[in-house]
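Me: I would like a close look at a single part of this model, taken slowly and with its surroundings described. Please treat the backbone first and then widen the view.

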Amino acid sequence: MIKLGHRMSKVVFSYIVMAFCIAGAATAAVEEGAAAGAGGQDQALEEFLRAIDERAESLETLEAGLTYTRRENFSGRTSVSTGRVYVRKPSDMFIEFTEPYPRRIWIRTDQIVDYKVDLNSAEVVELAPDKNPEIIGLSTRFLELQENFHMTLGPEDDQRPSRRVLTLVPAEDVEADFTTAEVEIDTERLLPVSVTEKDGRLDVDKIFAFSDIRENPRLRAALFTPSLRRDTDVTVHELGDWTGP
């Protein structure tokens with residue numbers, strides 16, 4: 001989880017970078033950022049972000065297969081979880097892991113619910129309005145990303161011409177649980193295919209790979225409403241205590 005410190009009093013959930021492509025921020029917002037300097041980003045980056053932003057206007061929902069890999073480089077330990085992720089504008093996300101054990105995570109503007117089904121236990125984080133919670137790609141504009149992250153666009157690769165890598169590095173006064181995040185984007189569909197978060201301090205990598213991406217599927221509203229058993233053991237956390245999958 002990215003915790004934005006001195007610069008902004010909001011919380012941004014880093015592993016939701018994959019969903020930024022349906023942000024719905026108007027193209028004018030990116031143009032405004034470019035006109036203001038937008039952190040000195042070069043023209044290629046500005047054009048790339050603008051193209052993604054324009055693409056976003058046609059998307060209201062997304063569904064994709066999700067493979068989440070956590071790799072502790074110092075110990076050699078690796079864990080892999082698989083499932084699906086569902087996204088709905090403007091601020092709803094549901095992640096359902098099925099392997100190696102069932103786990104359901106709801107992320108909304110007002111709360112996060114992390115439900116471990118087999119254990120019948122859930123962690124709940126209530127997000128107060130005055131904390132200005134934001135989810136990258138749902139309620140955060142690209143302009144804001146440029147304000148809080150140093151962003152670079154990798155070169156075109158002859159071996160994989162339909163892939164470009166967008167790298168985000170937190171600004172000096174932004175506290176985050178990673179040192180770099182690399183978003184690999186399919187340049188034909190302008191959709192992310194993977195996100196790799198690297199924490200150089202803990203020597204931990206988190207990799208989110210997406211497959212079978214479906215654009216504008218019809219998603220049941222109930223998907224985005226937390227559903228727990230009545231006897232679920234619920235623990236309520238303070239903002240910032242939940243660390244994600």
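In which loop, between which two strands, does N120 lie?

Reply: In this predicted model, N120 lies in the loop that runs between β7 (111-116) and β8 (121-126). Its phi is near 50°, a positive value in a residue other than glycine, and because its relative accessibility is 11%, below the 20% limit, N120 counts as buried. A positive phi near 45° is also found at D212, again in a residue other than glycine, but D212 has its place in strand β13 (residues 204-215), and at 41% relative accessibility D212 counts as partly exposed.

Another backbone detail belongs to the loop between β5 (92-99) and β6 (103-107), where P100 lies: the peptide bond joining E99 and P100 is cis, with omega about 0°.

The strands that flank these loops belong to an open sheet of 12 strands with mixed pairing, ordered β9-β10-β11-β12-β13-β3-β4-β5-β6-β7-β8-β14. At its edges stand β9 (149-153) and β14 (233-237), each with a single partner strand, so one side of each has no neighbour in the sheet. On average, and ignoring direction, neighbouring strands of this sheet are turned by 15° against each other.

Within the sheet, β11 (residues 180-186) and β12 (residues 191-199) run antiparallel and are joined by 7 bridges, with I185 standing opposite P192 in β12. Helix α2 (residues 43-56) lies across β9, β10 (163-170), β11, β12 and β13, and runs at about 95° to β9.

Definitions and conventions. Residues numbered from 1 in each chain as written. Predicted model: local features only at pLDDT ≥ 70, side-chain atom pairs only at ≥ 80, totals over all residues. Heavy atoms only, no water. Helix = DSSP H or I, 4+ residues; strand = E, 2+ residues; numbered from the N terminus. Buried < 20%, exposed > 50% of the residue type's maximum accessible area, 1.4 Å probe, protein only. Pairing = 2+ DSSP bridges. Axes fitted to C-alpha atoms, helices over the stretch in contact; angles between N-to-C directions. Contact = heavy atoms within 4.5 Å.
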